[in-house]
Amino acid sequence: MTFSRRDFLKAGLAGSLAIGTGGLLTGCGTGNTIKAFTTSTAGKPRRGGQLRAGLSGGSTADTLDPLNAVTNVDFSRIDNLYEPLIGLTPDAQPVFVLAEELTPNAKATEWTLRIKQGITFHNGKPLTVDDVIYTFQQILNPKAPASAAAGLASIDVKAMTKLDPYTMRIGCSTPFATLGQALAIPGYSDIIPVGYDVTAPVGTGPFRLKSFSPGTQSVFVRNDNYWQTGLPYLDEIVITDYSDETSQVNALLAGQVDVVNLLSEDVISEVQGESKNVLVSAGGGWNPFTMRVDTGTFADVRIRQAMRLVVDRQQMLDLVFGGFGTLGNDLFGIWAPEYNHSLPQREQDIDQAKSLLKAAGAEGLHVQLVTSDIAQGTVLAAQVLAQQAAAAGITVSVSDVTVNEFYGTNYLKWQFAQDYWFYNFYLPQVSLATLPTASFNETHWDNSRYNSLYNQAIATVDDSLRAELAHEMQQIEYDEGGYIIPFFPPVIDGYGANVGGLVPSKIGLSLNAYDFKGVWLS
Amino acid sequence: MTTATQAPERVGPPSKAARPHPIRDTLIKRSGIGILTLILVSILVFAATQILPGNAANAVLLNTATPARLHALEVQLHLNRPAVEQYWTWLIAILHGNFGTSLANGASVGTLVGGRILNSAVLVVLAGVIGTVLGVGLGVLAAARRDSLLDHVLSVGALAITALPEFVVAVILVIFFAAVVWHLFPAVSVFAPGTAPWSNPAELVLPVATLVIVIVPYVFRMMRASMIDSLESDYVQMAQLKGVPRWRILFVHALPNAIAPTIQVIGLNFLYLAGGVVVVEYMFNYPGLGQALVAAVSDRDIPQIQCIVLVLAAFYVAVNILTDVISLAVSPRRRLPRS
């Protein structure tokens, strides 16, 4: 089998560079709509047909509730049923979807939102800001907070005012300059109609629900009243849950499914052939090692820095993902405009690690790393880390626990563990993970300078000023943080040669975040 | 494996009034024990789910579990109640014929598991029947042509296959007949929920073939051995001397006597199938009971785990009873009281 990573990436760039992402969030309202992305593999877009997707990552706890999606297969369904105010291009840049304008006031404490007119839900009900208000109320319901509640906590639900059916004001309890970015993360804040019922779910998305059976199969049909003219191409989507990569690949090779998700690097050569292709995306998701900075061994910053220095990131990426993916620099939010590219790439430096350990009086360090099969490659990455750390005289004993135990009572309390995150912009991610008030502060990071920089940044409407503040925050994390972020894993999917319109995406969810409206069958 | 129940010991010839009903007695006694077994199983399984780390709320929320969300869901699913109370509530509901709702998705467990039972039953029955017929047929054939080339080939083949676990058999079949060499049959069995598994028979071929291949050797070997015993017995030699046709000797004289020990093996095979489908369903993504059980355990979905385990345990009990009853029925000798 001859193929190179370069070929994949080249094909990917050709697709994604073609997308315009002009003046998006600060209110120019240049009428961005998502275009149909085309790749040349399967000829011209064609209407009709049934796309059969064999997707792994789901469970019998699968849901159609767009506010409480958890698994990959959940995202595959809700990304086609519902739509957000703001979405992401395959390049991971925000783009208006249902929204038409989103403008902050000078202090970022109030936003004006205008939504597109003439959009209807699947049951014929027109979309108005009442639905937006209802959605935010559901997300921020204190009795049953939704997944997005943590990231949108600054919104003051009582301070949402309807100006007319398509315009509203969103008041914030604290400045919230990154509202647009926070809303753009796929699958967390899709708009549902007033009185939404999860047992008869309607959205504004390109496909309507036909049937749903958790953990097994779901069927979607074309929304003939979809507001983006000419889309979608497909008549029907059948999503079948698979629990095993082998049966996914077998089904693809036998022609029983058209697309499969979340493949490992090992099967690329098996899949790649005359009538099957592999789609490799440089994802923006990240699978960090998490060191608690508040207690225990890693409370000493020298030991944390030593751990970061023992990692040979390229080798880890080679071993875990066959070299696909992107090197990490212990910072998250790689595609965000605020990402600090000026910090030097951290390389393995065993001597420096040893001297840091010596200074900390921790030579011959012994630590336990809790791992679990929570995302692709996590367990393998833990084993590689243990091997690499041995070079600096550090013994890392890897404790592989079940997923349920991992997310059980000790979740967010482990001393030294791993986690996985989908792509998020830098500052919204900070609000979730590295503030003392963050819901998922797994490293227990609480740095007063950092916190105060965040508070300034979140109140700064000017993009470049905000980026400067964010750069300084990243410098602090780079020097002292509790995360080891060795790489941003790739996303590897497989598809039949008859499938057109699939593009690699930086979002980190498979199959361009399961956006099937631009996909066709030849 | 169970052994046949002994009929009550009596002295003297049976009088008509007090004639024992060994089959009926077996049925009654075994059913009683069976129900006790099921209750015990449900307690053990429930206890096991309590020992497993994490609960259904963790399994549903995974990495989105903030303490507030976790607590809200635990209250909603009643996971904050004492374990004994949870078990008692479940048991009372079961006695009213209510299997409860899934902790993972709120659907009715009875409906969820019902469809899965049908799917798995189709696999088990098809594989069991085909495997039995093939095994018995080949066993008779090999015994009738003892020490022929055919006999040797079959015996060696059977020995080789017994060394292969079912997932290896499945992989070989998929490579040859579905994914790589020939694209004759579907590599996975996916039929829409609510449609019957036989609606697309091609999807049943490889899973059933896998199970058949795994069980045939056991039936074959037992059948061959007991058939050879029968053929060497005095009454068969007598029949041969009398000039009874060969087919009649095989099927009328020897087979009925040879089948009794084989029935125990066939029963064992069905029991194996009930467990063996787990692996095969996983390999073929076949939406059956085994696959549902694996999913229910990883989701900590206690009502669904309980329901599926009870169904499987009931199947074990029923097959055991049935095997013993059939053994009794085909061995008149054992139905008589000992004297």
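I began with R346(A) in this predicted model. R346(A) lies over the face of Y478(A). I noted 4.1 Å from R346(A) to the ring centre.

I then looked up K506(A). Its charged end sits over the ring of W335(A). The distance to the centre of that ring is 4.4 Å.

Next, the aromatic pairs. How many does a search of the whole structure find? The count is 24 over all chains.

I took one pair in chain B, F176(B) with W182(B). The ring centres are 6.3 Å apart. The planes stand at 40 degrees. I logged the pair as tilted, because 40 degrees falls between the cut-offs of 30 degrees for stacked and 60 for edge-to-face.

Are F176(B) and W182(B) buried or exposed? Neither label fits. F176(B) has 38% relative accessibility and counts as partly exposed. W182(B) has 46% and also counts as partly exposed. Both values lie between the 20% and 50% limits, so I entered both residues as partly exposed.

In chain A, I traced a cluster linked by ring pairs. Its members are W286(A), F332(A), W421(A), Y426(A), F440(A) and Y483(A).

Last, the cysteines. I searched the whole structure for disulfides and got 0 over all chains. I looked up the accessibility of two cysteines. C172(A) has a relative accessible area of 11%. C307(B) has 3%. Buried means under 20%, so C172(A) and C307(B) both go down as buried.

Conventions: Residues numbered from 1 in each chain as written. Chains lettered and ligands numbered in written order. Predicted model: local features only at pLDDT ≥ 70, side-chain atom pairs only at ≥ 80, totals over all residues. Heavy atoms only, no water. Disulfide = S-S within 2.5 Å. Buried < 20%, exposed > 50% of the residue type's maximum accessible area, 1.4 Å probe, protein only. Phe/Tyr/Trp six-rings, centres within 6.5 Å; stacked < 30°, edge-to-face > 60°. Lys NZ or Arg CZ within 6 Å of the ring centre and 35° of its normal.
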